[in-house]
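Welcome! Please take a moment to look over the sequence and the model before reading on.

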Amino acid sequence: MEQLLKPDSIVMGMLGKQNVGEKDYRPLTYVLSAEEANKKLYYNLLTHEIISIDLYELESSEIRKYLIENWYLVPEEQDDQQLVDECRAVLTLMDSGPKKIHVFYIFTTLDCNARCFYCFEKRMPGSNMTMETASQVIEYIKEQADGEPVKIVWFGGEPLFNYPIIDFISDGIREKGLQYEAILISNGLLFDSDLIGKAKNLWNVKTVQITLDGTRKVYKRVKAYVTDVGDPFERVMQNIKSLLKAEIRVKIRLNIGLYNCSDMRGLVDYLCEEFKNQENLNVYVNPLFELIEYTVNEREYMYDLQDEMVSKLNQVFGRNQKKEFPDTIANGSCMASGREAVSILPDGKVGICPNITNDGLLGDIYTKKVDDKVQEEFGRRFYWEDKCRNCPIYPDCYITNGCPNKDSVEGCDPIKIQRQIKQIQEKMKMRCRKIVIGD
Ligand code: SF4
Ligand code: SF4
């Protein structure tokens, strides 16, 4: 037997070794297995240990003892979900000390120059943040950061629609002597050399995230910009190039759904050709949330397409890979389950999730109070009563209770879960091969 990945010492410390008794045992629900070169591989998602066992050893009493002691086999009557929940509760407790807010999603406006049909936000003309509110935002950030470096995420609407606020707050934060850097989430159309210069030198923007929905024609149709700019796709491409030239990192998000799937291979090919040598570019694929409403065949098709796109993009831009295996049981998934980030709306209300502008509000920048109860209720783990208990990836999955997208989380689609399991099994085999060749 060989250990391919060490277990999480904290979880093992909580669980201890399981006693071996004269009982009937069964595999833990959260153990995945695979076979590779006459070995059986086991990945325990409770402890995050991976082991390989030669097939001829499988029936030995020594191996059985190891599998019981290390929670691969559990008594028939064991409540597996409860075991994970207890460990998760301790991890939550360990992480429950005071935290400073140091990430601020600032909505300069809820207005936008595009009209994407899938947009979750109620576009609100005239919803720009005012200079008075912006002055209070600076005070709020200074107080919350308490001298620590901060990260600003410029958000909207289209944040560039109200860029004087970005000038003002960036100046203000700097004058307060705070270290900061920024990310800007934009459709990319409004950039020009002036704004790129500001982004680089005044706003300290390190990354701009831009969403694309297709090549020229499809992009123009989906974005439906309110101003006539002729060829918006071309303009955005030029802006991406200028941002990269200014050494600002660009993250391109490719939305996919039935509305654009026939065009996406073309877009990936185009990006791979046009930007193949760009170190500072990252492209990722984002299925739209309505995917869960598609038929089985449509979903299969979309997941295949997504895999194909990701594989091609990885070959060309192959960076920013996620960690191969998580270190421990998931105890949060996004800013809404942590306590270190907030969103600030144009009117000074403080929220917990940037994708919600009318709910999950914690307070405002004026009173500076955070409603702990709302925060706790919003951030706790959500359970699908019928699905989660027996879902093999349950320990690695955390859905935030207040998440506006939880009803359509694609991971809960049984087809998607099976695909995820297959991908994990492939990674287990790869890990085994690497260890065999001593990598
Ligand atoms: S993927 Fe869905 S069903 Fe599985 S544990 Fe997560 S929330 Fe539950
Ligand atoms: S709650 Fe949902 S939508 Fe909001 S930040 Fe978290 S994952 Fe994103």
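The notes below go from the overall build to the cores, a group of strands and a ligand site.

What you are looking at is a predicted model. The chain holds 12 helices and 15 strands. Among its 439 residues, 33% count as buried.

**Overall build**

- Along the principal axes, the C-alpha atoms of the chain fill a box of roughly 70 × 50 × 40 Å.
- How does the radius of gyration fit a compact globule? For 439 residues, such a globule would have a value near 22 Å, and the chain has 24 Å, so the two agree.
- Many contacts span long stretches of sequence: taking contacts between residues at least 6 apart, 73% join residues at least 24 apart.

**Nonpolar cores**

- A general point helps here: in soluble globular proteins, nonpolar side chains tend to be buried together.
- The largest nonpolar core of this model has 67 residues. Which of them touch the most other members? They are Ile106, Val137, Trp154 and Ile344.
- Helix α4, covering residues 131-145, gives the most to this core, with six residues.
- Trp154 is a good place to zoom in. Leaving aside residues up to four places away in sequence, Trp154 touches Ile106, Thr108, Pro159, Ile166, Ala182, Leu184 and Ile185. Ile106 from that list is also one of the core members with the most touches.
- Another core lies apart from the largest one and has 23 residues, including Ala34, Tyr43, Leu46 and Trp71.

**Strands β1, β4 and β5**

- Strand β5 (residues 49-54) pairs with strand β1 (residues 2-5) in the antiparallel sense, over three bridges. On this side, Glu2 has Ser52 of β5 as its bridge partner.
- Strand β4 (residues 39-44) also runs antiparallel to β5, and six bridges join the two. Here Asn44 is bridged to Glu49 in β5.
- What lies between the strands in the hairpin of β4 and β5? There are four residues, and in this hairpin His48 takes a positive phi near 65°.

**Around ligand 2**

- Ligand 2 is surrounded by residues from several parts of the numbering: Ser333, Cys334, Met335 and Ala336 are among them, as are Cys353 and Asn355.
- The surroundings of ligand 2 also include Thr400, Gly402, Cys403, Pro404 and Asn405.
- How does this shell divide by class? Six of its residues are nonpolar and five are polar, while none is charged.

Terms used. Residues numbered from 1 in each chain as written. Chains lettered and ligands numbered in written order. Predicted model: local features only at pLDDT ≥ 70, side-chain atom pairs only at ≥ 80, totals over all residues. Near = placed C-beta within 6 Å. Nonpolar A, V, L, I, M, F, W, Y, C, P; charged D, E, K, R; others polar. Pairing = 2+ DSSP bridges. Rg over C-alpha atoms; globule rule 2.2 N^0.38 Å. Buried ≥ 20, exposed ≤ 12 C-beta atoms within 10 Å, placed from the backbone. Contact = placed C-beta atoms within 7 Å. Core = buried A, V, L, I, M, F, W, Y, C linked by C-beta atoms within 7 Å.
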